[in-house]
Amino acid sequence: MNKKKEKFAADTSGRSALDWVKALAVLLAGLIIAHLGVTLFLLSELGTDTFTVFVQGLSRMCGLTVGTMHVIVLCILMAVMLLTTKGYIKPGTVVCAFCGGPIIDLFTWLLGDYINTDAGMAVRIISLILGCVILSAGMSIVINSRAGTGPNDLVAVILSDKIESVQFRWVRVGCDLFFVVLGFLLGGTVGVGTVAAVFLTGPLVQFWLPKTKRVVQAVLKE
């Protein structure tokens, strides 16, 4: 008999203020790791991540900057999820929505002189692959903190809980593919790195989830 798939929705109403501080600290650590991966991915300049393709397409269609459209889309997603789901939108969701950009800017400032189009294709490919691995590890820590995760990542998380017969990795691949195709049709730019992200991120997150869960539970004593 197949083991029943564990759901991501969590009741955290019993957490104390101190528990929340620790959970948000773990989430922030995961967020920093994840966005180090995002930065490595972006600095390789072999393609943008899947959600950014979608936002980029919307921004070109609406005549707004990518940053402005990114905030608008995330706020809309949070509002819809807050009204239609329970157990997913938490304080950490807001942290993820508004802290990711500054973290990427910091890592870009630190690493931009070493990883760029002048660094050579080998360095760029290694940066791309490492970026996907590190991003997925950080994302798994954020999810396992049970303090919330980014609104765009919550799309796959919520759908994975709803579609019990399909593993998270394939739900995530489907969501990433949807964002890429729709973004491309709207005018977003797709590169080889984008395609790699579509097929690597979901499986890698599922690979990391049980491994980081043990560490996170030990830290939070849950």
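**Exercise 1. Identify the acidic partner with which Arg172 pairs across two helices, and place both residues.**

Step 1. Arg172 forms a salt bridge with Asp153, the closest N and O atoms being 2.9 Å apart, where a salt bridge is a side-chain nitrogen of Lys or Arg within 4 Å of a carboxyl oxygen of Asp or Glu. The model is predicted, so that local features need pLDDT of at least 70 and side-chain atom pairs count only at pLDDT 80 or more, whereas totals for chains, interfaces and linings use all residues. Residues are numbered from 1 along each chain as its sequence is written, and side-chain values use heavy atoms, with hydrogens and water left out.

Step 2. Because Arg172 lies in helix H7 and Asp153 in helix H6 (residues 151-162), the pair ties together parts that are 19 residues apart in sequence; helices are DSSP runs of H or I with at least four residues, numbered from the N terminus.

**Exercise 2. Extend the pair to a network and classify the burial of Arg172 and Asp176.**

Step 1. Arg172 also forms a salt bridge with Asp176, with the closest N and O atoms 3.1 Å apart, and these two residues, 4 residues apart in helix H7, are separated by about one helical turn.

Step 2. Asp153, Arg172 and Asp176 are therefore linked in a network of salt bridges, and a search of the whole structure finds 2 salt bridges.

Step 3. Arg172 counts as buried at 8% relative accessibility, and Asp176 counts as buried at 3%, where buried means under 20% relative accessible area, exposed over 50%, and partly exposed in between (1.4 Å probe, protein chains only).
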